[in-house]
Structures are given as structure tokens and as C-alpha cells.
Amino acid sequence: MKVAVLQKPLTVTIEERLVPHPGPHDVLVKVMAVGVCGSDVHYYEHGRIGARKVEKPLVQGHECAGIVVAIGSEVTRFQLGDRVAVEPGITCGKCQWCKEGRYNLCPHVAFLSSPPVDGAFAEYICHPEDLLFPIPDHLSFECATLIEPLSVGIHAVKRAGLQPGSSVLIMGMGPVGLTAIIAAKAYGARQIIVSDVEPFRLGLAEKLGATATIQAGEKNVVEEVSRLTQNLGVDMVIDTSGNARAIDSGVEAAKRGGKLVLIGFPAEDRVPVNLTLMLQREIDLYSTYRYTNTYPLGVELMASSENDVSVLLTDQYPLVQTGAALERARTNKSGSMKVIVYPHL
Ligand SMILES: [Zn+2]
Ligand SMILES: [Zn+2]
């Protein structure tokens, strides 16, 4: 089978490898679509994210969906031909965090495409059956890949306890921010204000159900939020941008007693925030990392006619052009949203 391999920053080659053989509890998935994630682009460009480094050639890609083509001897939930979404993190199931259900914190996780674990820019992958989720026929494979970024938003609103009827500000309208609109709606948010510097992205946010958009850079986000909430601020601020100034303004945009939820990784490890104001307003700070047990709801939300995420799919490439796909995602941040690689195109 063909796989796309990151050899060193900005260099992807196509290699032939043997199709993997499923172990007793594994399923062989014919990979039909893979979304290019911001983290893929980051490794492609810089060869590292923080201390996590690409030290040997790496198959990238972790947002994927496909068809079951072979099953291990102990597999009970799947049959050949089933269409599935793939939850990419294979956890140990035995550590303290796995046992507590907080398996996103498992220190032994093997997460597709997170070095040194190979990912899904491949014609086939083997994956444990408990991390595969059936998708309905009317849900396209490419839309199903977006269950992964959506999971991040679901986890964030669940962890921070978003209440029905709440007002929310979501900062940063990349795929995680945009799909977080869907998660916030599902948890009953009444008012969903979003901000980004790119008008193109704000237009997509409106299509997914944002009730108000703010063009950051042109307008003062805190002032606009204040105006839109009768000077109260929002119940919950969710930052997906990782932008240091956005995070600091999030403290000001939150209501007294509100919540600030962090998803996006900042460029620098240390970020100055107005702690005095946080204390005076008793703002709760939630950091979030990946997700747990989000896929069943994610499949349901993606399959719902209310959420047409196909508007996010801007670019398509075959597997042999994975390098071009990553380059597109790296260099066209204002015009493209989700770049999809098709291993069997
Ligand atoms: Zn991702
Ligand atoms: Zn574990």
C-alpha cells in the first residue's frame, strides 16, 4: 500500500509498505478520507510541537474515516463493509487516568500521527475496534473526519459545564472553533458570539449557527461582546486561537463569575493574563486537552441535517499529493479551511 511520509520539515515522500495485519481486537480500515489538521501542518513546517519532536520519518494524519475491510478473530462489533469514523488515540486502559475515564491524559497513549506513532495518510490502517464508530450512509467520509476537531469542542463545553441558555464567545474560527459552534449549540447555548480576523471564516461561522460575529483587528472584541450582552459579558469564553492577546481579552469578555476555557496552544509557553481581574470577577479557568467519549455524540451531530459542515471542506488532494495538501494548508490560511486527502482517489 501507499503511505505519505514526512521525511524532514517541508519534505513528504510516497512509500510502498505492507498492508498491516489486524490483531485479534483490531480492524483493518480502508482509509477513505483524512483531514489535514493544524498540528499536521505544524509538524510539517517546524518538525516539532513544543518538546514533541519528529525524530524519524513519520506518517501524519489523524482525522480519518473509512471502510472495514478485515477484522481480527475477536472482533464482535463490525462486519466487512461497515463505514466508520476513527478515534485516533489508543490508550492503555490500565493507568490511573484511563481508569478514571480521563483517558485523554493517559501517559501511554499512542495517538495517530503524534510522533513516533504513524498516522493515517495511508491506504489502510489497523485500529482497535473499540475506537471505531459506525457512521450512517448519508454522512460522507470527509464530513466524518470532522468529528475529530468537533470532539475537541464537545469535550471543552462538557468539561466546563456549559449550561442551556448560556451566552458563549468562541475566539478563533479554524476548524476547531467552527465545529465548537456545533458543540455549543448541542449543549444549549442561546447566544454564540464568535471572533476571528478573517471575514471568510466569520462567514462560515454564520452558516454553522453563530448568532453574532466580530472581526478582530477591525473591532474591539471586548467592547463588542459588552454591547451584545447588555454590558454583562458572556457566561463562557472559549479560546481556540492560542493567541496571547485573545486569551487575555477573554478574561475581560467573561461575565463576573463566568468561565474561561482554553483549547488553543499559545506560540510561547508563558502567556500574561490579567489575574487581578480574574480574581475580582471570580472567573473559572479550564484548560482542555483532546477529548474523552465524544465520538458517539460527534457522529450524531455530524449526521444531523442541522449541521452542514461540508462548507468547511475547501480543498481535495489524492494521497500521492499529500505534500501539496500540507503546503496548501500551510500557505493559504485565509482562503482554505479544511484540506482533505483521499488515499483511494
Ligand atoms: Zn486534529
Ligand atoms: Zn492509560
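**Close-up views of a predicted model**

**View 1. Ala110 sits in strand β10, which spans residues 110-111.** This is a predicted model, and we start our tour at this short stretch of residues. With a relative accessibility of 24%, Ala110 counts as partly exposed. Leaving aside residues up to four places away in sequence, Ala110 touches Pro88, Gly89, Ile90 and Val117. Look also for Thr91: its C-alpha atom is separated by 6.4 Å from that of Ala110, although the two residues are 19 apart along the chain.

**View 2. Cys92, Cys95, Cys98 and Cys106 coordinate the zinc ion (ligand 2).** Each of these cysteines offers its SG atom, at 2.3 to 2.4 Å. Along the sequence, the donor residues follow the spacing C-x2-C-x2-C-x7-C. Why is the arrangement around the zinc ion (ligand 2) tetrahedral? The 4 donor atoms subtend angles of 105 to 115°, and four donors count as tetrahedral if all angles lie between 85 and 135 degrees. For reference, the ideal angle for four tetrahedral donors is 109.5 degrees. Two of the donor residues, Cys95 and Cys98, are both buried.

**View 3. The zinc ion (ligand 1) has Cys37, His62, Glu63 and Glu148 as its protein donors.** Cys37 contributes SG, His62 contributes NE2, and Glu63 and Glu148 each contribute OE, at 2.2 to 2.7 Å from the ion. In sequence the donors are spaced C-x24-H-E-x84-E. The arrangement is irregular because the 4 donor atoms around the zinc ion (ligand 1) subtend angles of 81 to 165°. Are His62 and Glu63 buried or exposed? His62 is buried, at 3% relative accessible area, and Glu63 is buried too, at 1%.

**View 4. The largest cavity holds about 80 Å³ of space.** The count comes to 1 cavity of 30 Å³ or more. Its lining is made up of Glu87, Gly89, Thr91, Tyr103, Asn104, Val109, Phe111, Arg290 and Tyr291. Sorted by class, these are 4 nonpolar, 3 polar and 2 charged residues. You may recognise Gly89 in this lining from the first view, where Gly89 is one of the residues that Ala110 touches.

**View 5. The second largest pocket has a volume of about 280 Å³.** Of its 16 lining residues, Ile247, Leu262, Gly264, Pro266 and Ser287 are the closest to the pocket centre. Strand β17 (254-262), helix α9 (275-280) and strand β18 (284-287) each supply at least two residues of the lining. By class, the lining divides into 12 nonpolar, 3 polar and 1 charged.

**View 6. Helix α10 (residues 295-303) has Tyr295, Gly298, Val299, Leu301, Met302 and Ala303 as its buried residues.** What covers these residues? The cover includes strands β8 (83-86) and β12 (132-134), together with helices α3 (141-145), α4 (147-159) and α5 (175-186). Keep helix geometry in mind here: an α-helix has 3.6 residues a turn, so residues three or four places apart point the same way.

**View 7. Three loops hold backbone features worth a close look.** The peptide bond from Pro115 to Pro116 is cis, with omega near 10°, and Pro116 belongs to the loop between β10 and β11 (124-128). Leu10, in the loop between β1 (2-8) and β2 (11-16), has a positive phi of about 70° although it is not a glycine. Leu10 is partly exposed, at 43% relative accessibility. Gln230 lies in the loop between α7 (221-228) and β16 (234-239). Gln230, also not a glycine, has a positive phi of about 50°, and its relative accessible area of 63% makes it exposed.

Technical notes: Residues are numbered from 1 along each chain as its sequence is written. Chains are lettered from A and ligands numbered from 1 in the order in which they are written. This is a predicted model: local features need pLDDT of at least 70, side-chain atom pairs count only at pLDDT 80 or more; totals for chains, interfaces and linings use all residues. Side-chain values use heavy atoms; hydrogens and water are left out. On a 1 Å grid over the protein atoms alone, a cavity is a set of points where a 1.4 Å probe fits but cannot get out, and a pocket is an open set with protein on both sides within 12 Å along at least five of seven lines; lining residues have an atom within 4 Å of a point. Grid points are joined across faces, edges and corners, and a volume is the space filled by probe spheres set on the points. Ala, Val, Leu, Ile, Met, Phe, Trp, Tyr, Cys and Pro count as nonpolar, Asp, Glu, Lys and Arg as charged, and the others, Gly among them, as polar. Donors are N, O and S atoms within 2.8 Å of the metal (3.2 Å for Na, K and Ca); water is not among the atoms, so sites may look incomplete. Four donors count as tetrahedral if all angles lie between 85 and 135 degrees; four count as square planar and six as octahedral if opposite donors are over 155 degrees apart and all others between 65 and 115; anything else is irregular. Buried means under 20% relative accessible area, exposed over 50%, partly exposed in between (1.4 Å probe, protein chains only). Helices (H or I, at least four residues) and strands (E, at least two) are DSSP runs, numbered from the N terminus. Contact means heavy atoms within 4.5 Å.
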